[in-house]
Amino acid sequence: MKKYLKITGVLFFLLIVAYFLSLDFSQIYLTPEGALKQFYSQNDVAEDMIMDPLILAGEKVVPLVIQDIKNKNMPRRRYAIGFLGNGSYQIALPVLTEILDDAKEKPYFRGDALIAIYKINKNIGVELAKKYQTVDNHLGLMSLEVLSDSQYANWRRSYSDAKNRVHY
C-alpha cells in the first residue's frame, strides 16, 4: 500500500509539472516595453520571424510601435510597419497614411505602409494604390501587388507561428 501511495504521489507530481510546462508563461511577463526591446535587440533570427515579439505582445504594444515608426531612423522600421498591417490595427491608419503620402520617405517605407494599409482596409488600400501604380520604384511595385490582390499583399504571420517559432 505504501508503494502504491508513493507511486501515485510521484505520478501526481509529474502530472502537475507537465501541466505547468504546457502553459505559455512568455506572455505573462512580457510587457509592451519588453516586447519592443526584444524586437530591437534580437539577433540571428530569420527575416520572417523579426516581428514575432510584437505579434506575441499584440494590441498592448501598438501605441509604442506607432510612436516609434514616426522616427525615420527607427531600427527595423519596415518590420514595425509590417506588424501594424499584419495585425490589422485600425488605429495605425493615420500614421501609415502619413508615411505613404510623405514624398521625402524612402520608397520602401512608403510601399510597406501601402501594404499595411491594404491589410487593414482593402478598399482604402486599393484606392491609394491607384495613385501610385505608375511610380517606378518599390512603392509602384507594391501598388501593383495591392491592385492584383496578390498572395504577397495578403500574407500574414500568425500568432501561432510566432509562438511556435515557425520559420518559412
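Let me begin with a term: buried means under 20% relative accessible area. Ala57 has a relative accessible area of 7%, so Ala57 is buried. Please keep in mind that this is a predicted model.

Where does Ala57 sit? It belongs to helix 4, which covers residues 52-57. In sequence, Ala57 and Glu33 are 24 residues apart. In space, their C-alpha atoms are 9.5 Å apart.

Next, the interior. The largest nonpolar core contains 45 residues. Which of them have the most contacts inside that core? They are Val65, Ile69, Phe83, Leu84 and Leu96. Several helices give two or more residues to this core. They are helix 3 (32-41), helix 4, helix 5 (62-69), helix 6 (77-86), helix 7 (93-101), helix 8 (107-120), helix 9 (122-132) and helix 10. Helix 8 supplies the largest share, with 8 residues.

Now the aromatic rings. How many aromatic pairs turn up in a search of the whole structure? The search finds 3. One of them joins Phe83 and Tyr89. Their ring centres are 5.3 Å apart, and the planes make an angle of 45 degrees, a tilted arrangement. Phe83 and Tyr89 are both buried. Phe83 has come up already, as one of the core residues with the most contacts.

Another aromatic pair is Tyr108 with Phe109. This pair is tilted too, with 4.8 Å from centre to centre and 50 degrees between the planes. Are these two residues buried or partly exposed? Tyr108 has a relative accessible area of 31%; the range for partly exposed runs between 20% and 50%, so Tyr108 is partly exposed. Phe109 is at 8% relative accessibility, under the 20% limit, and therefore counts as buried. Phe109 has a further neighbour to point out: Arg77 lies over the face of its ring, 4.6 Å from the ring centre.

Last, the surface. Which residues form a nonpolar patch there? Leu141, Leu144 and Leu147 do, and together they have about 250 Å² of accessible area. Leu147 is part of helix 10, which spans residues 138-147. Why does Leu147 count as partly exposed? Its relative accessibility is 32%, which falls between the 20% and 50% limits. Helix 10 therefore appears twice in this talk: it holds Leu147 of the surface patch, and it is also among the helices that give two or more residues to the largest nonpolar core.

Methods
Residues are numbered from 1 along each chain as its sequence is written. This is a predicted model: local features need pLDDT of at least 70, side-chain atom pairs count only at pLDDT 80 or more; totals for chains, interfaces and linings use all residues. Side-chain values use heavy atoms; hydrogens and water are left out. Patches are made of residues with over 30% relative accessible area and no salt bridge: like charges are joined within 9 Å, nonpolar side chains (Val, Leu, Ile, Met, Phe, Trp, Tyr) within 5 Å. Accessible areas come from the Shrake-Rupley method with a 1.4 Å probe; for residues, only the protein chains shown count as cover. A salt bridge is a side-chain nitrogen of Lys or Arg within 4 Å of a carboxyl oxygen of Asp or Glu. Helices (H or I, at least four residues) and strands (E, at least two) are DSSP runs, numbered from the N terminus. Buried means under 20% relative accessible area, exposed over 50%, partly exposed in between (1.4 Å probe, protein chains only). Rings of Phe, Tyr and Trp (its six-membered ring) pair if their centres lie within 6.5 Å; planes under 30 degrees apart count as stacked, over 60 as edge-to-face and the rest as tilted. A charge sits over a ring if NZ of Lys or CZ of Arg is within 6 Å of the ring centre and within 35 degrees of the ring normal. A nonpolar core is a set of buried Ala, Val, Leu, Ile, Met, Phe, Trp, Tyr and Cys residues joined through side-chain atoms within 4.5 Å.
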